[in-house]
Amino acid sequence: MIKRTILFLILLLFVSSFTIVQAKSDNGLKDYKIGLQLYQQSRYEQALERFQQAIDENLDFWQAYQMVGYCCFELRQKDEAIKAFEDC
């Protein structure tokens, strides 16, 4: 009985941590997709905010860094654009 309880708790811990990680990455993807829509509408400042939020959710999201670079380029922020492209 104790073994079953321990096994159940380990399984529960694994499933809950996987769900948390998945939810976090989904949020980054959501912000990224909204940022793409804003970028296509030439709303670069708002798109930049969304891409930065996506990066906050997932520091390894290189596509979001790339889009930060494109937004900064469009906003004539040369140094920030270069840094974003270097961070990809």
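## Exercises on a predicted helical model

At 48% relative accessibility, Q37 counts as partly exposed, a value that applies to a predicted model.

**Exercise 1. Classify Q37 by its accessibility, and state where Q37 lies and how far its C-alpha is from that of A47.**

Solution. Begin with the class: exposed requires over 50% relative accessible area and buried requires under 20%, so Q37, at 48%, is partly exposed. Next comes the location, which is helix α1, spanning residues 2-40. Finally, Q37 and A47 are ten residues apart in sequence, and their C-alpha atoms are 7.8 Å apart in space.

**Exercise 2. Work out whether the length of helix α2 agrees or disagrees with its number of residues, and then describe how its buried residues are arranged.**

Solution. Helix α2 covers residues 44-57, and its 14 residues should span 20 Å at 1.5 Å a residue; the end C-alpha atoms are 20 Å apart, which agrees. The second step is to list the buried residues of α2, which are Y44, A47, L48, F51, A54 and I55. Because these residues cover an arc of only 120° around the axis, they sit on the same side of α2. A general point helps here: an α-helix has 3.6 residues a turn, so residues three or four places apart point the same way. On the face turned away from the buried side, α2 carries the exposed residues E45 and D56.

**Exercise 3. Describe the aromatic pair of Y32 and F61, and explain which parts of the chain the pair ties together.**

Solution. A search of the whole structure gives four aromatic pairs. One of them, formed by Y32 and F61, is tilted, with 4.9 Å from centre to centre and 40° between the planes. Since Y32 belongs to helix α1 and F61 to the loop between α2 and α3 (62-74), the pair ties together parts that are 29 residues apart in sequence. Both Y32 and F61 are buried, and together with F51 they form one aromatic cluster.

**Exercise 4. For each of the two salt bridges in the structure, name the residues and say how far apart in sequence they are.**

Solution. In one salt bridge, the side chains of R50 and D31 meet at 2.8 Å, N to O. R50 lies in helix α2 and D31 in helix α1, so this pair ties together parts that are 19 residues apart in sequence. As for accessibility, R50 counts as partly exposed at 26%, whereas D31 counts as buried at 11%.

In the other salt bridge, the side chains of D87 and K83 meet, likewise at 2.8 Å, N to O. These residues are four apart in helix α4 (residues 78-87), and therefore about one helical turn separates them. D87, at 37% relative accessibility, counts as partly exposed.

**Exercise 5. Decide where the model's confidence is lowest and where it is highest, and say which stretch has a pLDDT below 50.**

Solution. Start with the whole protein chain, which averages a pLDDT of 83, with 70% of the residues scoring at least 70. Confidence is lowest in α1, at a mean of 68, and highest in α2, at 97. The pLDDT falls below 50 over residues 17-21, and this stretch has zero contacts in the model beyond near neighbours in sequence. The general caution is that where pLDDT is low, the predicted coordinates should not be read in detail.

How values were computed. Residues are numbered from 1 along each chain as its sequence is written. This is a predicted model: local features need pLDDT of at least 70, side-chain atom pairs count only at pLDDT 80 or more; totals for chains, interfaces and linings use all residues. Side-chain values use heavy atoms; hydrogens and water are left out. Buried means under 20% relative accessible area, exposed over 50%, partly exposed in between (1.4 Å probe, protein chains only). The expected span of a helix is 1.5 Å times one less than its number of residues. The arc is that of the directions from the helix axis to the C-beta atoms. Rings of Phe, Tyr and Trp (its six-membered ring) pair if their centres lie within 6.5 Å; planes under 30 degrees apart count as stacked, over 60 as edge-to-face and the rest as tilted. A salt bridge is a side-chain nitrogen of Lys or Arg within 4 Å of a carboxyl oxygen of Asp or Glu. pLDDT is the predictor's confidence in each residue, from 0 to 100. Contact means heavy atoms within 4.5 Å.
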